[in-house]
Amino acid sequence: MVAVVMRRERIDNRWQPWRWTLADIVPDEPGFGDRPRLLFKEEHEERWLHPGFKVELFTDDAEGYYLNVTTQQPCFWVVWRMEEEAALADEPVAVPQVVTLSYHDAGRWLDAQETVEQLPVPPAVALWLQAFVDAHYVLEAKRRQRPQSFKTLQDRFGNPARVSTDKSFGGSGHG
């Protein structure tokens, strides 16, 4: 279980004076409660704690974890969205939706135009992830690909195609 800390920071932009970013991921504690809350607020920054995110590993996504753990810096990915209407504060707040360790999940969310940010995992989480990958991921053996020149040719309907080097149709050959 983890809690996500989102940061709202003032930026020098006349159209958008604030920006939300992922600030931290910390182990969840019972004292955090089960609702988001404001941790810190000053003129140029706010930090919000969002507790209660379960980070689960699934055997059918072992390749996604393998791709994460074999990078130079394994990481958490967090998908977050802005509130449609302000419910937690006077203005809409960035609310995390999911926390994952899967490279595949992060890629799918990015493809879906979601806001996805990442943070490095602590060493203990990297070891946990590596142990899971070692137990559940089987690297698929590369199969030799048949050279393209030996493939049968097909027309656009999937029927066998014939190629001839003899010119048996067309004009008279004169320019």
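## Pro92, the core and the salt bridges

Pro92 is partly exposed, at a relative accessible area of 34%. This structure is a predicted model. Pro92 sits in the loop between β5 and β6. Along the chain, Pro92 and Met82 are ten residues apart, yet a distance of 6.3 Å separates their C-alpha atoms. Leaving aside residues up to four places away in sequence, Pro92 touches Trp20, Met82, Glu83 and Ala86.

The two strands flanking that loop belong to an open sheet. Its three strands run in the order β6-β5-β7, with antiparallel pairing. β6 (94-100) and β7 (115-120) are the edge strands, each paired on one side only. From one strand to the next, the twist averages 30 degrees. Six bridges join β5 (residues 75-82) to β7 in the antiparallel sense. Within this pairing, Val79 stands opposite Val116 of β7.

Next comes the nonpolar interior. Which residues of the largest nonpolar core touch the most other members? They are Ile25, Phe76, Val99 and Leu101, out of 28 residues in that core. At least two core residues come from each of β1 (2-10), β2 (18-27), β4 (45-53), α1 (62-69), β5, β6 and α3 (123-136). The largest share, five residues, is supplied by α3. Leu101 has a long contact list even without residues up to four places away in sequence; among its partners are Val55, Leu57, Tyr65, Phe76, Val121, Val125, Trp128 and Leu129. A second core of five residues is separate, and includes Cys75, Trp77, Ala106 and Val116. In soluble globular proteins, nonpolar side chains tend to be buried together.

Charged residues add another layer. Nine salt bridges are found in the whole structure. Three of them are tabulated here.

| Salt bridge | N to O distance | Relative accessibility |
|---|---|---|
| Arg7 and Glu9 | 2.9 Å | Arg7 25%, Glu9 11% |
| Glu91 and Arg8 | 3.0 Å | Glu91 44%, Arg8 8% |
| Glu114 and Arg81 | 2.8 Å | Glu114 22%, Arg81 41% |

Take Glu91 and Arg8, which meet in a salt bridge. Glu91 lies in the loop between β5 and β6 and Arg8 in strand β1, so their pairing ties together parts 83 residues apart in sequence. Glu91 is partly exposed, whereas Arg8 is buried.

Glu114 and Arg81 also form a salt bridge. This pair links distant parts of the chain, 33 residues apart: Glu114 is in the loop between α2 (103-111) and β7, and Arg81 is in strand β5. Glu114 is partly exposed. Arg81 is partly exposed as well.

Arg7 is partly exposed, while its partner Glu9 is buried. Through shared salt-bridge partners, Arg7, Glu9, Arg19, Glu45 and Arg47 form one network.

Is Glu45, a member of that network, buried or exposed? Glu45 counts as buried because its relative accessible area is 13%, below the 20% cut-off. Strand β4 holds Glu45. The Glu45 side chain makes a polar contact with the side chain of Arg7 at 3.2 Å. Beyond residues up to four places away in sequence, Glu45 touches Arg7, Arg8, Trp18 and Phe40. Side chains of opposite charge can pair when their charged atoms come close.

Key. Residues are numbered from 1 along each chain as its sequence is written. This is a predicted model: local features need pLDDT of at least 70, side-chain atom pairs count only at pLDDT 80 or more; totals for chains, interfaces and linings use all residues. Side-chain values use heavy atoms; hydrogens and water are left out. Two strands pair if DSSP finds at least two bridges between them. Helices (H or I, at least four residues) and strands (E, at least two) are DSSP runs, numbered from the N terminus. Axes are lines fitted to C-alpha atoms, for helices over the stretch in contact, and angles run from 0 to 180 degrees between N-to-C directions. Buried means under 20% relative accessible area, exposed over 50%, partly exposed in between (1.4 Å probe, protein chains only). Contact means heavy atoms within 4.5 Å. A nonpolar core is a set of buried Ala, Val, Leu, Ile, Met, Phe, Trp, Tyr and Cys residues joined through side-chain atoms within 4.5 Å. A polar contact is a pair of N or O atoms within 3.5 Å; within protein, one must be able to donate a hydrogen and the other to accept it, and residues adjacent in sequence count only if both atoms are side-chain atoms. A salt bridge is a side-chain nitrogen of Lys or Arg within 4 Å of a carboxyl oxygen of Asp or Glu.
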